[in-house]
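Trainee: Could you take me through the aromatic pairs in this model? I would love a close look at how the rings are arranged.

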Amino acid sequence: MGPPSCPFCSFSNSNPYFLAQHVETLHPEDGEPSFVSRHFLEEEAGCKEATAVQGAPSQPYIECECGEAIVASDFEDHAQLHSAEAADSAADMAEIVGGPALPTQLRSTDREAGSIEPTVSISMAINSPGVHQFASSSNPRQPSQAVDHGSQHAAMDPLALLLAANASGKKRDIAKHRNAKRLGEAELGPYAHEDQMPAWLQRQLERGAKVTIVNQISHEGQLVRMERVANETTGVLSVLAQLCEQDHLLAKVYLCHPGVQHVFKMAKEGGFCGYRNIQMMISYVQAARSQGHELFPGRLPSVLDLQELIESAWDRGINTTGKVETGGIRGTRKYIGTPEAQTLLTSLSIGCEASALNDTDHRPVHEQVYDYVEQYFIDSITTPATKVCKTSSAPIYFQHQGHSLTIVGLEIRKSGNRNLLVFDPSFKPSPGIQRLLGAKFRAAAPEKLLKAYRRGDRYLGKHSSFELLRLCDRRSVGAGWEDV
């Protein structure tokens, strides 16, 4: 017997909460969802009455039990992805045939990431005055094009020095941006008018995710001690490569650098997807030792670190309209997007290039996205004859209304249909995927384990515009696929 299904359509889900949310949202008795309100979070501490001058959301937000606020049209997909997140039965049909032994846990600590000193502290950079500003745009949230500031960095101590230097420096007056308007919930999410996130969430972000110390066998056969952060998973791309190779319905697959970590949200943290995707981009910079890697010798910067870096960049004159549009993001749950990711990378002199794609009369926007991503990977491959093309390319920051993801690959089916392969920060790797990390295996049903990473026509077709941000430096001098 299958999972319970909706009495009004074909939707089904084993979680009664998601099924009830689906019925209430898409099939309400009186035409209005009983528990959906786009202001449902404004009563929380620190949130003030809405005074947006722009953009009330065209759809309500729904609070998922995972803590994230989801645009109503995306909730059904979100619920199904939670089911894929829990998938484990397919892994039982995956026979492990080789690879290193699973790491042996030495010590599990009750302390959180923020309370354990990293081996090497995270260093940040302070740019010299006169950094190049973004090009203006008629779309207030559309990223600028091709910004590359070279590879010169001024390596400094941790975040305190960065903030101290900014406090003593000359700040750009943002009041002159008379055409910039304060954005609303449509762009910044249900917390668009929040002055301060709840104290419990601030403390959770300060502590960080749980850290475990493990023993692991290196590729050289040596026993090494490694830190594992609970919301960061390394090695997923190696598993995806094997699954794609074993999926007989696929004709061609492109994958990015294998060192990209899948970073996902902590419990109940809400919509910090933009920050988690920036962390995934930085995990590539670290693993590939590409432009800017010397700025991140330790752990990934936290959400709060990233907020400070973005605010610091605005204060130094980089894309200062972002400060006007958001009203500031420090200590809040306001959504960030491509402009803020680009602002941060630019402030650290990490070259990046942004693109905005929209529906046209000649080509749907999701087809344009597939074309963009496919060409991006084709430009970097050296062995095009293989079915699974393993590249050293960076992942791509990918934004649509209400959510962002990290593109780690693209697959072309024998039918000609294409799917993006993504790391979604809203979902952690399933138990089935985690069991296969670091192993060689044969899967009887690879498509079941791949489902959580695929975004195709059904998902992308709901949106009329997308933004993509890619890194300019595509050199990789760090460990790559040959070391996997």
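**Aromatic pairs and their surroundings**

Mentor: Gladly! Of the 484 residues in this protein, 55% count as buried, and please keep in mind that the model is predicted. The fold has 15 helices and 17 strands. Among contacts between residues at least 6 apart in sequence, 76% join residues at least 24 apart.

Now to the rings. The structure holds 5 aromatic pairs. One of them joins Tyr376 and Phe377, with 5.2 Å from centre to centre and 70° between the planes, an edge-to-face arrangement. Tyr376 and Phe377 are both buried. Add Tyr254, and you have one aromatic cluster made of Tyr254, Tyr376 and Phe377.

Let's turn to another pair, Phe423 and Tyr453. Their ring centres are 6.1 Å apart and their planes meet at 65°, so this pair is edge-to-face too. Where do the two residues sit? Phe423 belongs to strand E14 (residues 418–423), while Tyr453 is in the loop between helix H14 (446–450) and strand E16 (454–455), so the pair ties together parts that are 30 residues apart in sequence. Phe423 is buried, as is Tyr453.

There is also a ring with a charge for company: the charged end of Arg455 sits over the ring of Tyr459, 5.4 Å from the ring centre.

To finish with the outside, the protein exposes about 21100 Å², and carbon and sulfur atoms supply 50% of that area.

Note on methods: Residues are numbered from 1 along each chain as its sequence is written. This is a predicted model: local features need pLDDT of at least 70, side-chain atom pairs count only at pLDDT 80 or more; totals for chains, interfaces and linings use all residues. Side-chain values use heavy atoms; hydrogens and water are left out. Rings of Phe, Tyr and Trp (its six-membered ring) pair if their centres lie within 6.5 Å; planes under 30 degrees apart count as stacked, over 60 as edge-to-face and the rest as tilted. Buried means under 20% relative accessible area, exposed over 50%, partly exposed in between (1.4 Å probe, protein chains only). Helices (H or I, at least four residues) and strands (E, at least two) are DSSP runs, numbered from the N terminus. A charge sits over a ring if NZ of Lys or CZ of Arg is within 6 Å of the ring centre and within 35 degrees of the ring normal. Contact means heavy atoms within 4.5 Å. Accessible areas come from the Shrake-Rupley method with a 1.4 Å probe; for residues, only the protein chains shown count as cover.
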